[in-house]
Amino acid sequence: MSGGDLVRTTLYDAHVERGGNLVDFHGFELPIWYTSMMDEHLNTRENAGLFDVSHMGFFRFSGENVREWLDGVGTQKASLIKPGRCAYSHFLDDNGIIIDDMIFSVASRQDILDSGCTDWESSSEIAILGVPNASMIDHMWNHFHAHIDEGITIENLSDDTSILALQGPKSPAIIETVLGSDNVVRHFHGQAIVENSLGVTGWIQGTGYTGERGFEIFVPNSQVRTLWDALLDEGGHGICPVGLGARDTLRMEKGFLLSGQDFCHPDLGGSENLARDSAETFVPFGLNLDHDFIGKARVEATKAQHLDGGGIKWLGLKVTGKGPFPRMGHTVLKDGVQIGTITSGGPSPSLGMVGIGLAYLEGVEVGEEVEIAVNPRRNLSAVVVRPPFI
Amino acid sequence: MSDIPDSLRYTAEHEWIRMDEGVAVVGITDHAQDALTDIVWIEFLADEGDTVEENGTFASVESVKSVSDIYVPLAGTIVALNHDLQDAPEAINEDAYGSWIAKIELADVGAVDGLLDAAGYAALIGE
C-alpha cells in the first residue's frame, strides 16, 4: 500500500477497547502490544495468547489434480499431504529466489461444505486452503496465475475472512472450553469447525507462528467479534490478547522466517542479502527435493555446496555477554572478516533477554564464536547456533 | 496522561533537562518511556570528558523492538554517564525523572531558556 488510508480489520474496535497500541503494519492498523510485549510473549509461552492475524491472506485452490499442480510451483510436495493435514512451502521464481512462504491445509470437498461454504461452485474433490503473507497477497495471486494450469481455480477469500491465532500450551483447553472438544484439532491437522454453542463456522487448523501448540481459526468477518470476545472472556487459563510485537519475538526464538524481513524478492525491493533460495534459509521443513518445482536448480546447487561443507546457511547467533542487541543490518564478523549480515535480531524474552539474531552466514560452523558489529564503538561476541533458540 | 513536572525543561525529542549549578542533567520523559514500553538497554556512544555538539547523539535506548537515539539538547562537555542503568534499564520505565542518563556541563547555560517548558512539552505531545 502506498499513501492510502490504513485498512482496519473487523476487530479494530475490539483492539481499541482492550487497550491495544495501534500502528501501521503493512498498511493495516493493528495492535503492536496491549500491555507489554515482554508480558505478552512470556504469557504465550506459559499460558496462551490470542492474535488477530486477519491481515494475512486466505486463498482457496481447487480443481482436478490441484495438489499435483501445487507440487510444480512450490518446494513442498503437496501431493503427499492428505485431506485434513497442513504443510509449509516456499514459492520460488525461475531462478530459485524465494518470493513468499505459505502454510496450507488440504481439505476434502465435504470439509469445504461443512466449513459453511454450502454454495461452492467447484466440483473439485479436494481444495487447498493457503495463507499468503499480508503484503504478498497481490504478488502471490499474480504469481500463481502466471503458472496456472487449465482446470485450476483460485479464489481470494482474504477480504471476507478473519483469522485468529490462539497460541500457547493452554490453547487446547481454551478451545475445548469455548468451541468444544471436537474442535481441538491436532498439531498440523485441520478441519471444518464443528457445530458449537457460539454458532461459529469456518476452518480450524493446528498451526501458528510461535512454535507453541496452537490453532489458527478462519471465520467470516461477521463472526469474528463473537469468537474473539468468547476466547478472551470465557476461555480462561490465563489467555491474553497479544500484539504483533510479541508475535515477532516469539517467531524469532523459534527461527521462523519472516517474509519481507528474512527474505525478500529483488523485484519487491529486497536487498541482495535477502534474495535467497530455500536451502540457504536452512529451515528444516517445507522443502522436498523428490519432485520438480519452479526454481529447483538453484536449491539443488546450494544443497550440493552444503554437502561439500560450504555454502550459505541462515543460522542463529546467541550473544554471550551483556550489552546492546543484534538488529537487522548489523555486520557479522569472523576474525575481522564479514561473513554475513543480521536479518532479524533483538532480546529473547524466554531466555532472560539474551541477545539473539539470525543471519545468512558463510564459512562458519555451529558452535563457533563470531562478532556482531552493533555500533562503531562496540562488537558483541556471539556463538553460532542452529535455531530454534528455545 | 503522562507525568510532566513543571520544574524541568524539555526537548521535542522527548528528553528532560534539570539544571544543577550549570550542569544539565538529562533523561527521557515519562511519555517517551511509556511509548517505548520495556526498556532493555542503554548504550553510551560517547565517553565522560567528551565534548558534544547541540543535537548530537550521545546514547541510544533499546526497547524490545526498537533502538532510539538520545540527543544532546545543548552543546557542552559530558561530565557523568549513568552506567548503573546498564544493570537496570527498567529503572527508566519505573521512574523516568529519577533515572538520569547523562550530566552535561553546558557551554552556554543561558541556552536552556530556549528549551520547552512543561506547558510547551505538554502541548507538543497533545496533552
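This passage walks through helix packing, salt bridges and one buried acid in a predicted model.

Helix α8 of chain A, residues 244-253, is a good place to start. Ten of its ten residues are buried, so the helix is largely enclosed by the rest of the structure. The buried set takes in charged residues as well as apolar ones, including Arg247(A), Asp248(A), Arg251(A) and Glu253(A) alongside Leu244(A), Leu250(A) and Met252(A). What packs around them is a mix of strands and a helix of chain A: β2 (21-25), β3 (28-33), β4 (49-52), β17 (337-348) and β18 (354-362), plus α2 (37-46). Just past the end of α8(A), Gly255(A) adopts a positive phi of about 70 degrees.

The packing of α8(A) against α2 of chain A comes with a salt bridge. Arg45(A) and Glu253(A) pair through their side chains, with an N to O distance of 2.9 Å. That pair ties together distant parts of the chain, since Arg45(A) sits in α2 and Glu253(A) in α8, 208 residues apart. Both partners are out of the way of solvent by the accessibility numbers: Arg45(A) is buried with a relative accessible area of 13%, and Glu253(A) is buried with a value of 0%.

Elsewhere in chain A, helices α6 (residues 171-179) and α7 (residues 221-234) come together, their axes within 10 Å and crossing at roughly 115 degrees. The crossing is right-handed. On the α6(A) side the contacts come from Ile174(A), Ile175(A), Thr177(A), Val178(A) and Leu179(A), and these meet Leu227(A), Ala230(A), Leu231(A) and Glu234(A) of α7(A). A network of salt bridges links Glu17(A), Arg18(A), Arg225(A), Asp229(A) and Asp233(A); the overall count of salt bridges is 22 over all chains.

A more local pairing shows up in helix α10 of chain A, residues 296-307, which holds both Glu300(A) and Lys296(A), four residues apart or about one turn of the helix. Their side chains form a salt bridge at 3.8 Å, N to O. As a rule, an α-helix has 3.6 residues a turn, so residues three or four places apart point the same way. Here the two ends of the bridge sit in unlike surroundings: Glu300(A) is partly exposed at 39% relative accessible area, while Lys296(A) is buried at 12%.

Then there is the contact between chains. Glu62(B) forms a salt bridge with Arg327(A), the closest N and O atoms being 2.7 Å apart. The pair crosses from strand β6 (residues 57-63) of chain B to the loop between β15 (312-319) and β16 (331-334) of chain A. Glu62(B) counts as buried at 3% relative accessibility, and Arg327(A) counts as buried at 10%.

Asp38(B), in the loop between α1 (30-36) and β4 (39-44) of chain B, is another story. Asp38(B) is buried yet has no salt bridge, and the nearest side chain of opposite charge, that of Arg327(A), is 11 Å away. Polar partners are on hand in chain A, though. The side chain of Asp38(B) makes a 2.9 Å polar contact with the side chain of Ser36(A), and a polar atom of that Asp38(B) side chain lies 3.2 Å from the backbone nitrogen of Met38(A). Beyond its neighbours within four places in sequence, Asp38(B) is in contact with residues of both chains: Ser36(A), Met37(A) and Met38(A) on one side, and Glu62(B), Ser63(B), Val64(B) and Asn93(B) on the other.

Conventions: Residues are numbered from 1 along each chain as its sequence is written. Chains are lettered from A and ligands numbered from 1 in the order in which they are written. This is a predicted model: local features need pLDDT of at least 70, side-chain atom pairs count only at pLDDT 80 or more; totals for chains, interfaces and linings use all residues. Side-chain values use heavy atoms; hydrogens and water are left out. Helices (H or I, at least four residues) and strands (E, at least two) are DSSP runs, numbered from the N terminus. Buried means under 20% relative accessible area, exposed over 50%, partly exposed in between (1.4 Å probe, protein chains only). Lys and Arg count as positive and Asp and Glu as negative; His and the chain ends are not counted. A salt bridge is a side-chain nitrogen of Lys or Arg within 4 Å of a carboxyl oxygen of Asp or Glu. A polar contact is a pair of N or O atoms within 3.5 Å; within protein, one must be able to donate a hydrogen and the other to accept it, and residues adjacent in sequence count only if both atoms are side-chain atoms. Contact means heavy atoms within 4.5 Å. Axes are lines fitted to C-alpha atoms, for helices over the stretch in contact, and angles run from 0 to 180 degrees between N-to-C directions. A crossing is left-handed if the near helix is turned anticlockwise from the far one by less than a right angle, and right-handed if clockwise.
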